[in-house]
Amino acid sequence: MEKYLEAGKIINTHGVRGEMKMDAWSDSLEDYLKVTQFYLDKTENLPLKVEKIRPFGKFLLVKFQGIDDMDAALKYKNKTIFVDRDDLTLPEGAVFLADIIGLDAINFESGDVFGKVSDVVDKGSGNLYEISLSSGGKCLVPAVDFFIKKIDVEKGVYINVIEGLCDAI
């Protein structure tokens with residue numbers, strides 16, 4: 001499992017004092033409000049220490065230490081930033097999306113592996129798990145309780161496979 005996860009993207013500056021508008025890639029903005037440090041890559045080499053962070057509609061406004069004006073903040077526009085997974089607390093039974101990618105796709109009823117989760121696609125109304133089928137091809141499975149019966153980060157994603165869901169199985 002990756003230690004550093006994609007947290008979101010800096011989409012613009014906000015004001016003239018170095019604040020930045022962040023599109024947070026999380027189910028809840030609250031997940032990031034206690035984070036004290038983000039990173040510019042998947043290592044500890046480029047830390048961004050949080051001076052202030054607050055919700056702003058469906059986004060976050062973040063002020064990092066040492067970035068004190070709009071020109072300095074503008075350098076971070078369109079940058080993906082990362083968070084140490086140890087700095088986040090997941091609710092019971094929840095998993096990070098990054099941990100799902102690469103897991104086996106397992107037929108819930110038969111226990112047969114029929115592919116691997118190759119991507120998680122956000123379609124606005126909900127996520128879809130893209131499955132690369134063992135038989136070739138791909139299919140999309142809605143990430144809802146009816147289809148996703150269990151996620152075990154050690155074994156795989158157990159899927160209720162109904163007729164027509166993944167025709168190439």
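## Exercises: a six-stranded sheet and one disulfide

Four bridges link strand S7 (residues 104-107) with S12, and the two run parallel. The model is predicted.

**Exercise 1.** Find the bridge partner of alanine 105 in S12.

*Solution.* Start from the strand pair. S7 covers residues 104-107, and alanine 105 pairs across to S12. The partner there is valine 157.

**Exercise 2.** Place S7 and S12 in their sheet, then name the edge strands.

*Solution.* Step one: write the strand order. It reads S10-S9-S8-S7-S12-S11. The sheet is open, has six strands and shows mixed pairing. Step two: look for strands that pair on one side only. These are S10 and strand S11 (148-152), the edge strands. Step three: add the twist. From one strand to the next, the average is 35°.

**Exercise 3.** Locate the disulfide and describe its geometry.

*Solution.* Step one: count. The structure holds one disulfide. Step two: test the distance. The sulfur atoms of cysteine 139 and cysteine 166 lie 1.9 Å apart, and the cut-off is within 2.5 Å, so the pair qualifies. Step three: read the angle. The link is right-handed, with 55° about the S-S bond.

**Exercise 4.** Which parts does the disulfide tie together, and are its cysteines buried or exposed?

*Solution.* Step one: assign each end. Cysteine 139 sits in strand S10 (residues 138-142), and cysteine 166 in the segment after strand S12 (156-159), so the pair joins parts 27 residues apart in sequence. Step two: check accessibility. Buried means under 20% relative accessible area. Cysteine 139 has 8%, so it is buried. Cysteine 166 has 7%, so it is buried.

Methods: Residues are numbered from 1 along each chain as its sequence is written. This is a predicted model: local features need pLDDT of at least 70, side-chain atom pairs count only at pLDDT 80 or more; totals for chains, interfaces and linings use all residues. Side-chain values use heavy atoms; hydrogens and water are left out. Buried means under 20% relative accessible area, exposed over 50%, partly exposed in between (1.4 Å probe, protein chains only). Two strands pair if DSSP finds at least two bridges between them. Axes are lines fitted to C-alpha atoms, for helices over the stretch in contact, and angles run from 0 to 180 degrees between N-to-C directions.
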